[in-house]
Amino acid sequence: MKRVLFVCTGNICRSPTAEGVFTRFVAEAGLADLIDVDSAGTHDYHIGDPPDRRSQAAARRRGYELGHLRGRQVERADFNEFDYVIAMDKWNLEILESMCPRGRSHVVKLFLRDFAPHLGVAEVPDPYYGGPDGFERVLDMIEDASRGLLTAIQEEK
């Protein structure tokens, strides 16, 4: 079993979107019994809250359901429990790296940089303070990087 944790700031926009998208990609690949997916935030702003309504609406238009997800904060134990702890941006990457126990730094990744380098950008931008087009752009990026991540997991020996 491989375990993947997506991480953004508050766990209501980017990381739950990534969880929803990647979960469907995993299911469509017939790997739901082999890959577990979760999401969390580096901050405690939205613990227990559902994803942002705009994230849910954008995801729903593409057939992803996020309404059942609830925000939680990343914990130090996550670095031992997950094979991939994936940050959406460099700021959250730095926070994760500072939290990461010795010997586990190999699990910490930056989503676009590590799984969709062909996009030419390293970070998934936070759509929270923008308009609806930002949520669509985030979905495009997450779908692309999710394909790269799934390929990377499938190619592991």
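User: Contact means heavy atoms within 4.5 Å. In this predicted model, which residues in helix 6 are met by helix 2?

Analyst: Helix 2 covers residues 53-61, and helix 6 covers residues 132-155. From helix 2, the residues in contact are Arg-54, Ser-55, Ala-58, Ala-59 and Arg-61. In helix 6 they meet Phe-135, Glu-136 and Leu-139.

User: How do the residues of that contact divide into nonpolar, polar and charged?

Analyst: Ala, Leu and Phe count as nonpolar, while Arg and Glu count as charged. Ser falls among the others, so Ser counts as polar. The contact of helix 2 with helix 6 therefore divides into four nonpolar, one polar and three charged residues.

User: Are helix 2 and helix 6 parallel, perpendicular or oblique to each other?

Analyst: Their axes come within 9 Å and cross at roughly 55 degrees. Angles under 35 degrees count as roughly parallel, and 65 to 115 as roughly perpendicular. The crossing angle of roughly 55 degrees is in neither range, so the two helices are oblique.

User: Is the crossing of helix 2 and helix 6 left-handed or right-handed?

Analyst: The angle, roughly 55 degrees, does not settle this alone. Handedness depends on whether the near helix is turned clockwise or anticlockwise from the far one. Helix 2 passes helix 6 in a crossing that is right-handed.

User: What does helix 6 reach from its first C-alpha to its last?

Analyst: Helix 6 has 24 residues. At 1.5 Å a residue, 34 Å is expected. The model comes close to that, at 35 Å.

User: Is Glu-143 buried or exposed, and which residues outside its sequence neighbourhood are in contact with it?

Analyst: Glu-143 is in helix 6. Its relative accessibility is 12%, and buried means under 20%, so Glu-143 counts as buried. Leaving aside neighbours within four places in sequence, the residues in contact with Glu-143 are Val-21, Phe-25, Arg-62 and Tyr-64.

User: Which elements do the buried residues of helix 6 pack against?

Analyst: The buried residues of helix 6 include Phe-135, Leu-139, Glu-143 and Asp-144. Others among them are Leu-149, Leu-150 and Ile-153. They pack against strand 1, helix 1, strand 2, helix 2, strand 3 and helix 5.

User: How many residues of helix 1 are buried?

Analyst: Helix 1 has 15 residues and reaches 21 Å. Val-21 and Phe-25 are among its buried residues. What covers the buried residues includes strand 1, strand 2 and helix 6. Helix 1 is mostly covered, and its buried residues number eleven.

User: What is the phi of Asn-11, and what is its relative accessible area?

Analyst: Asn-11 is found in the loop between strand 1 and helix 1. Asn-11 is not a glycine, yet its phi is positive, about 65 degrees. Asn-11 is also buried, with a relative accessible area of 2%.

User: Which residue follows helix 1 with a positive phi?

Analyst: Helix 1 spans residues 14-28. The phi in question is near 75 degrees. The residue is Gly-30.

User: How does Trp-91 count by accessibility, and which residues does Trp-91 touch?

Analyst: Trp-91 is found in helix 4. Its relative accessibility is 43%, so Trp-91 counts as partly exposed. Not counting residues up to four places away in sequence, Trp-91 touches Thr-9, His-43 and Glu-123.

User: What is the C-alpha to C-alpha distance of Trp-91 and Cys-8?

Analyst: In sequence, Trp-91 and Cys-8 are 83 residues apart. In space, C-alpha to C-alpha, they are apart by 9.1 Å.

Technical notes. Residues are numbered from 1 along each chain as its sequence is written. This is a predicted model: local features need pLDDT of at least 70, side-chain atom pairs count only at pLDDT 80 or more; totals for chains, interfaces and linings use all residues. Side-chain values use heavy atoms; hydrogens and water are left out. Axes are lines fitted to C-alpha atoms, for helices over the stretch in contact, and angles run from 0 to 180 degrees between N-to-C directions. Helices (H or I, at least four residues) and strands (E, at least two) are DSSP runs, numbered from the N terminus. Angles under 35 degrees count as roughly parallel, over 145 as roughly antiparallel, 65 to 115 as roughly perpendicular and the rest as oblique. The expected span of a helix is 1.5 Å times one less than its number of residues. Buried means under 20% relative accessible area, exposed over 50%, partly exposed in between (1.4 Å probe, protein chains only).
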